[in-house]
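Please load the model in a viewer and keep the selection panel at hand. The tour proceeds by selections, each followed by an account of what is found there.

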Amino acid sequence: MSMKTKTLKYIPVFFLAAAAALSCVKEDGIDDCPPDELESLILYVDFSSHLYNNRESELQDEVAAMYVFVFDHDGYYIKTLVDENPAIGPDYSMAIGLDPGNYEFIGWSNLHRSFKLSDLDLQAGKTTVADLFIELDLDGGDTLDDLPDHLHYGLVREPSTKAASQQAYYMELDRYTNTINIVTEGLEPDQDDYLYVIGDRNGKYGFYSEDLSDSWVYYTTYCDKDSDGQLSASLRVLRLLEDHLDSTIMIENVSTGEALFDDFLIVRLLSMREQGEYVNFETKHEYTIKLIFSGRLLVAITIDGWIVYRHDDYEV
């Protein structure tokens, strides 16, 4: 994933200590607040412009905790910065609590619930960045029936100097989750329950955000049904990748075990390009798929209003 260049918002130097004090960081349960003087390091954490864009309140809900792992220039672990109540905003920062130097910072959001770290016994000077990965906490299985927390990722390899007595680093975070909504229209009503399922190989990442998944993850939720018998459901999944062409999407009749809808998710989403739509899973994170039926026959599929399938001469 390439880091995108953007204009960052700066705090005047004489406000740095106050800003950092508002974002005290805990390490192993001990307060690690910045010193009063300015001879310290500050890590500014910002969100990609396509994420921020007047969504501060939503981002605050997305990011319940921030984790930043600090490594030296050889990739050896130094410490972890944890903010369990981040005040997300354009000037959000974390005090690093180290002498100025050449460090590498890797940030993840929300590792406290849906995800687990490969090595919980991180040892300074021994654990390396190559040893670490995060993955969905599936409790030994392959199915997730709760929405995972949002996941964000950031990487800083090169420092930038703010002032002679202040060294600052800037980390831009990208969201690593996508939301796929599905709705039906014209479906013949019945009394059955339906399960919405997305299958993908996207549950494990190295600390340089490389995809390490070697097994399937099945995201599942039951469909809601309105008074007309139409179905709707939403799943949040870890980041979609264009080369995962075998990723699947399905609505299954729980009573009969038959599939009402069964398709290849990435292939179907990318088919919007044939209609002239720009598709980028890194910059657009939510899609709505509408299945249009005539009785029990699927006659059309639209994604965000784009017609990507039409049966014979059916007019949408």
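Select Asp304 to begin: this residue lies in the loop between β23 (297–303) and β24 (306–310). Strands (E, at least two residues) and helices (H or I, at least four) are DSSP runs, numbered from the N terminus. The model is predicted, so local features need pLDDT of at least 70 and side-chain atom pairs count only at pLDDT 80 or more, whereas totals for chains, interfaces and linings use all residues. Residues are numbered from 1 along each chain as its sequence is written, and side-chain values use heavy atoms, with hydrogens and water left out.

**Two positive phi angles**

Asp304 has a positive phi of about 50° although it is not a glycine. Most residues other than glycine have a negative phi. With a relative accessibility of 31%, Asp304 counts as partly exposed; the classes are buried (under 20% relative accessible area), exposed (over 50%) and partly exposed in between, with a 1.4 Å probe and protein chains only.

Next, select Ser209, in the loop between β16 (204–206) and β17 (217–222). Its phi is also positive, near 70°. Is Ser209 buried or exposed? Ser209 is buried, at a relative accessible area of 6%.

**The sheet that contains β24**

Select β18, β19, β14, β22, β23 and β24: these six strands form an open sheet in that order, with mixed pairing. Two strands count as paired if DSSP finds at least two bridges between them. The edges are β18 (224–225) and β24, each with a single partner strand, so one side of each has no neighbour in the sheet. Within this sheet, β14 and β22 (residues 286–295) run parallel and are joined by eight bridges. To locate one of these bridges, select Ile180 and its partner in β22, Tyr287.

**The five-strand sheet and β15**

Move to the open sheet with the order β10-β17-β15-β20-β21, where the pairing is again mixed. Here β10 (143–144) and β21 (259–264) stand at the edges with a single partner strand each, so one side of each is left without a neighbour in the sheet.

Now isolate β15 (residues 194–200), which pairs with β17 in the antiparallel sense over six bridges. Six bridges also join β15 to β20 (residues 248–253), again antiparallel. Leu195 is a convenient place to view both pairings: its bridge partner in β17 is Tyr222, and it stands opposite Glu252 in β20. Tyr196 has Thr221 as its bridge partner in β17.

In a regular strand the side chains alternate between the two faces of the sheet. From β15, Tyr194, Tyr196, Ile198 and Asp200 point one way, while Leu195, Val197 and Gly199 point the other way. Seven of the seven residues of β15 are buried, so the strand is largely enclosed by the rest of the structure.

**Aromatic rings**

A pair of aromatic rings is described by the distance of the centres and the angle of the planes. Rings of Phe, Tyr and Trp (its six-membered ring) pair if their centres lie within 6.5 Å; planes under 30 degrees apart count as stacked, over 60 as edge-to-face and the rest as tilted. By this rule there are 13 aromatic pairs. Select Trp108 and Tyr153: the ring centres are 4.6 Å apart and the planes stand at 55°, so the pair is tilted. Trp108 belongs to β7 (residues 103–109) and Tyr153 to β11 (residues 152–156), 45 residues apart. Both residues are buried.

Add Tyr176, whose ring centre lies 5.6 Å from that of Tyr153 with the planes at 40°, so this pair is tilted. Tyr176 is in the loop between β13 (166–175) and β14 (177–187), 23 residues from Tyr153. To display the cluster around these rings, select Phe69, Phe71, Tyr77, Trp108, Tyr153, Tyr176, Tyr205 and Phe207, which form one aromatic cluster.

**A buried threonine**

Finally, select Thr127, in the loop between β8 (115–117) and β9 (133–136). Thr127 counts as buried, at 5% relative accessibility. Leaving aside neighbours within four places in sequence, Thr127 is in contact (heavy atoms within 4.5 Å) with Gly75, Tyr76, Tyr77, Asp119, Asp121, Leu122 and Leu132. Of these, Tyr77 was selected before, as a member of the aromatic cluster.
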